[in-house]
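Colleague: I should be grateful for a guided discussion of this protein model, taken feature by feature.

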Amino acid sequence: MEVQIQTRKLIKPSSPTPLHLRELKLSCFDQIAPPAFGSFIFFFKAPINGQQTLKKLESSLSDVLTKFYPFAGRFIQDRNAIDCNDQGAEYLEARVSVSLNQFILEELDVKLVNLLVPYPNELVFTPTILAVQINEFDCGGLAIGTSFSHKFADGFTIFGFMNGWATCCRIGVDAVKCLSFETESLLPDGFKPTYKIPVPDDNLDTLITKRFIFTASTIAALKAKVGVGQFSRAQLLIALIWKVRISMAKKKDSLQIFPYNFRGKTALPIPSNGAGNLFINILVRFTANDDKNPDLLHLVNLVGNELRNAAESFGKAETAEDLFLSATNSSREIHETLSKGDTEICILTSLSKFPYYEADFGWGMPGWIASVHKDVEMVLLMDTRFDGGVEAWVTLEPDNMVRFEQDPDILAYTCKPSDYFTRCLLGSEN
């Protein structure tokens, strides 16, 4: 498979950003975010009128940047700010030498997915806030690859922008629901962090990424196995995947890390549509004993307890300093655990229930939304488009991957991605 870049340019907002909005100070939470990119790809079956579609995507991107103006700016590190100078979002067009169905339905090397985004290595950091790559397949199918700066964009922010761009393309800029960029005034940058979220080593070439599908029926079977109790799909799958990682860790202690979106969950007037990194990392510890295979229900309860503690703590927080102290304490604990080297670190991000499949640019919802091959051992959970399932993107060392995919729970409760995507792309659903 070859991906040939045909066009590379900057897309500026269709009207200039007002002078009083030309500098956006980053919140204290943005400052501790890692200098990296977050990438996703939105796949669509063949749109009509290829060149017309490309022109529409380009013009609507220019229009929507007038509302999402920080995404056309550049990160200024020494000022902890975005210079909203209208320099423009990076924009690429590319040709892919296979059909869309070949690319998705065959058991592809997941590393090939990274060729469809502007920044294949997410740790190659630049001041750019947004870069877009429009990929045309031989069949006429389309994949919109995106790379967003994590210094300003968490998952909620990324998908808020993509849905806004899609609305602009389909209906017009006046119908776009914009994110709020006022969080800096509520979470000021005056707090100086002692610890930031650690940046991993670049292991892109040595790690392996594979995808595992948990269908709605297998998740229901898992819930039945665990028994009574109130817990979400995400909580259940976090615990299951953590259980597999613990069994691979040879009786080492284990620290599970996953983000908690605190929009609408604090006493502070943080807007529910606030842009930026409005999350804290939750840490859950498992102490090894003679039984290296812990009970799934025990881990479900450990995860649930920490989620409830976080909700209670954030609900009582009355100042930005209270929130920021929790975030920096989490970062400090991660740093201390890493330095000791006696604990298995398990990183997981759940994007369950995020509205990413609402990104209709005018030719229907995406057939698939993909992550990319990562630079660090981690797991990313995303909803499938159909049947209430969950797709797990798992990145591990090669030896660890062999043990992971041969685990009895993984064999019992997951199916091959190709089985799911045959239905997703070749089925009759709209």
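Modeller: Before the packing of helices on strands is discussed, one definition is needed: axes are lines fitted to C-alpha atoms, for helices over the stretch in contact, and angles run from 0 to 180 degrees between N-to-C directions. Please also bear in mind that this is a predicted model.

Colleague: At what angle does helix 8 run to strand 11?

Modeller: Helix 8 comprises residues 296-316. This helix lies across strand 10 and strand 11. Its direction relative to strand 11 is about 145°.

Colleague: What is the strand order of the open sheet of 6 strands?

Modeller: The pairing in this open sheet is mixed. Its edge strands, each pairing on one side only, are strand 9 (208-214) and strand 11 (279-286). From one strand to the next, the twist averages 20°. The order is 9-15-14-12-10-11.

Colleague: Which residue in strand 11 stands opposite asparagine 261?

Modeller: Strand 10 covers residues 253-261. It pairs with strand 11 in the antiparallel sense, over 8 bridges. Opposite asparagine 261 stands phenylalanine 279.

Colleague: How many disulfides does a search of the whole structure find?

Modeller: A disulfide requires two cysteine sulfur atoms within 2.5 Å. The search of the whole structure finds 0.

Colleague: Is cysteine 415 buried or partly exposed?

Modeller: The cut-off for a buried residue is a relative accessible area under 20%. Cysteine 346, at 2% relative accessibility, therefore counts as buried. Cysteine 415 has 25% relative accessibility and so counts as partly exposed.

Colleague: How many residues apart in sequence are the parts that the pair of phenylalanine 37 and phenylalanine 125 ties together?

Modeller: The whole structure holds 32 aromatic pairs. In one of them, phenylalanine 37 and phenylalanine 125 are tilted, at 5.8 Å centre to centre with 45° between the planes. Because phenylalanine 37 lies in strand 3 (residues 37-44) and phenylalanine 125 in the loop between helix 3 (100-105) and strand 7 (130-137), the parts tied together are apart in sequence by 88 residues.

Colleague: Is phenylalanine 125 buried or partly exposed?

Modeller: Its partner, phenylalanine 37, counts as buried at 3% relative accessibility. Phenylalanine 125 has a relative accessible area of 26%, so it is partly exposed.

Colleague: Over the face of which residue does arginine 211 lie?

Modeller: There are charges over rings to consider here. The charged end of lysine 265 sits over the ring of tyrosine 260, 4.6 Å from its centre. Arginine 211 is placed 5.7 Å from the ring centre of tryptophan 393.

Colleague: How far apart in space are threonine 53 and tryptophan 363, C-alpha to C-alpha?

Modeller: Threonine 53 is found in helix 2 (residues 50-64) and is buried, with a relative accessible area of 8%. Tryptophan 363 belongs to one aromatic cluster whose members include Phe44, Trp165 and Phe361. Although 310 residues separate threonine 53 and tryptophan 363 in sequence, their C-alpha distance is 9.7 Å.

Colleague: Leaving aside neighbours within four places in sequence, which residues are in contact with asparagine 400?

Modeller: Asparagine 400 lies in helix 10 (residues 398-405) and is buried, with a relative accessible area of 14%. Its C-alpha atom and that of glutamate 377 are separated by 9.6 Å, the two residues being 23 residues apart along the chain. Once those sequence neighbours are left aside, the contacts of asparagine 400 are Met248 and Glu377.

Methods. Residues numbered from 1 in each chain as written. Predicted model: local features only at pLDDT ≥ 70, side-chain atom pairs only at ≥ 80, totals over all residues. Heavy atoms only, no water. Pairing = 2+ DSSP bridges. Helix = DSSP H or I, 4+ residues; strand = E, 2+ residues; numbered from the N terminus. Contact = heavy atoms within 4.5 Å. Buried < 20%, exposed > 50% of the residue type's maximum accessible area, 1.4 Å probe, protein only. Phe/Tyr/Trp six-rings, centres within 6.5 Å; stacked < 30°, edge-to-face > 60°. Lys NZ or Arg CZ within 6 Å of the ring centre and 35° of its normal.
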